[in-house]
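Subject: Model handover

Hello,

Here is the model we talked about. Please open it alongside this message; my notes follow below.

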Amino acid sequence: MMEWLLAPMDVTRAHDVGWHLSWHARFMVIAWGVLVPIGIFIARYFKVFPGQNWPAHLDSHFWWNTHRVCQYSACVLMCVGLILILIAPPFVSLTGPHMWLGWTVLALALVQILGGILRGTKGGPTEPAADGSLHGDHFDMTPRRLAFEYVHKAAGYAALILSVATILAGLWQANAPNWMWLCLSLWWVGLLVLSILFQRRGMAVDTYQAIWGPDPALPGNRRKPIGFGVTRHTPKN
């Protein structure tokens, strides 16, 4: 068993990569194989933390802080990994499915960064406008905020799915040892199983309601929810 785990994926090819490629792979796998999935997972299922007395206690920052730390850290590692592969010796192959998938994921990451910058103001009782009103792009769910929500979530999930294919293509191109793809597969399957379980438990709570509550008088609750399988609570009269 150990011999198979340490053997390369394709026994007809050698697993011979240089320093640049090996560290490129490590940084990218940590970024896209570990940090990004954790950041998305926490943001989706822990907007209302277990044991939180919601809606009496609103706006838990656990998911927001974790999401930001994971995604910002992933972006830093992604940039380092990109630099390493760009300055790698000429013998390192930069062609094939892994390259095109990688550039696509990178483009989606840039969309996420740009969207975060342009997402607009928050508003609401925790971050009122300069004039003291509660108005804000998020609190009012303005067209700008709605566009951000759809693009951010769609691009995020697309990048997550494509990153799996990118990593697997990279492992095959580098002819990595079997234990690498096996460990990553077990990790991804574990996250998928937990996602299905938490989804069935209704833990994917709507962001707006997690922050400001389910009061139907709130402007965001009068609009159609952003979907993507989130749970929106409607108080009984």
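Arginine 44 sits in helix H2, which covers residues 19–45. This is a predicted model, so please read every value below as computed from it. Arginine 44 is buried, yet it has no salt bridge. Which side chain of opposite charge is nearest to arginine 44? It is aspartate 206, and the distance is 9.6 Å. Salt bridges here are counted within 4 Å, so that pair does not qualify. Arginine 44 does have a polar partner: its side chain contacts the side chain of glutamine 199 at 3.0 Å.

Aspartate 206 has a charged partner elsewhere. Its side chain forms a salt bridge with the side chain of arginine 232, at 3.2 Å from N to O. This pair links distant parts of the chain, 26 residues apart. Aspartate 206 is in the loop between H7 and H8, while arginine 232 is in the segment after H8. Are the two partners buried or partly exposed? Aspartate 206 counts as buried, at 3% relative accessibility. Arginine 232 has a relative accessible area of 22%, so it is partly exposed. The cut-off for buried is under 20%, which is why arginine 232 falls outside that class.

Both residues come up again at the cavity. The structure holds one cavity of 30 Å³ or more. The largest cavity has a volume of about 70 Å³. Its lining has 14 residues, and those closest to its centre are Met141, Asp206, Tyr208, Ile226 and Arg232. What is the make-up of the lining of the largest cavity? Five of its residues are nonpolar, three are polar and six are charged. Helix H6 (143–174) and helix H8 (207–212) each supply at least two lining residues. H6 gives the most, with three.

H6 also carries a charged network. How many salt bridges does the structure hold? There are five. Among the residues involved, Arg145, Glu149 and Lys153 are linked in a network of salt bridges. The details are as follows.

- Arginine 145 and glutamate 149: their side chains meet at 2.9 Å, N to O. The two are four residues apart in helix H6, so about one helical turn separates them.
- Lysine 153 and glutamate 149: their side chains meet at 3.5 Å, N to O. These two also lie in helix H6, four residues apart, which is about one turn of the helix.

Glutamate 149 takes part in both bridges. Burial in this network is worth a look. Arginine 145 has a relative accessible area of 9%, so it is buried. Glutamate 149 is buried too, at 6%. Lysine 153 is also buried.

Just past H6 comes a backbone point. Asparagine 175 is in the loop between H6 and helix H7 (178–200). It is not a glycine, but its phi is positive, at about 55°. Is asparagine 175 buried or exposed? It is buried, with a relative accessible area of 0%.

The loop between H2 and H3 has two more backbone points. Proline 55 lies there, ahead of helix H3 (62–86). A cis peptide bond joins tryptophan 54 and proline 55, with omega at about 5°. Aspartate 59 is in this loop as well. Its phi is near 55°, a positive value in a residue other than glycine. At 14% relative accessibility, aspartate 59 counts as buried.

Finally, the overall layout. What secondary structure does the protein have? It comes to eight helices and zero strands. Along the sequence the pattern reads α-α-α-α-α-α-α-α. The C-alpha trace spans about 70 × 35 × 25 Å along its principal axes. Of the 237 residues in the protein, 40% are buried.

If you have time for three stops only, I suggest these. Start with arginine 44, buried and without a salt bridge. Then view the salt bridge between aspartate 206 and arginine 232, together with the cavity whose centre they help to surround as two of the closest lining residues. End with the network of Arg145, Glu149 and Lys153.

Best wishes

Technical notes:
Residues are numbered from 1 along each chain as its sequence is written. This is a predicted model: local features need pLDDT of at least 70, side-chain atom pairs count only at pLDDT 80 or more; totals for chains, interfaces and linings use all residues. Side-chain values use heavy atoms; hydrogens and water are left out. On a 1 Å grid over the protein atoms alone, a cavity is a set of points where a 1.4 Å probe fits but cannot get out, and a pocket is an open set with protein on both sides within 12 Å along at least five of seven lines; lining residues have an atom within 4 Å of a point. Grid points are joined across faces, edges and corners, and a volume is the space filled by probe spheres set on the points. Ala, Val, Leu, Ile, Met, Phe, Trp, Tyr, Cys and Pro count as nonpolar, Asp, Glu, Lys and Arg as charged, and the others, Gly among them, as polar. Buried means under 20% relative accessible area, exposed over 50%, partly exposed in between (1.4 Å probe, protein chains only). Lys and Arg count as positive and Asp and Glu as negative; His and the chain ends are not counted. A polar contact is a pair of N or O atoms within 3.5 Å; within protein, one must be able to donate a hydrogen and the other to accept it, and residues adjacent in sequence count only if both atoms are side-chain atoms.
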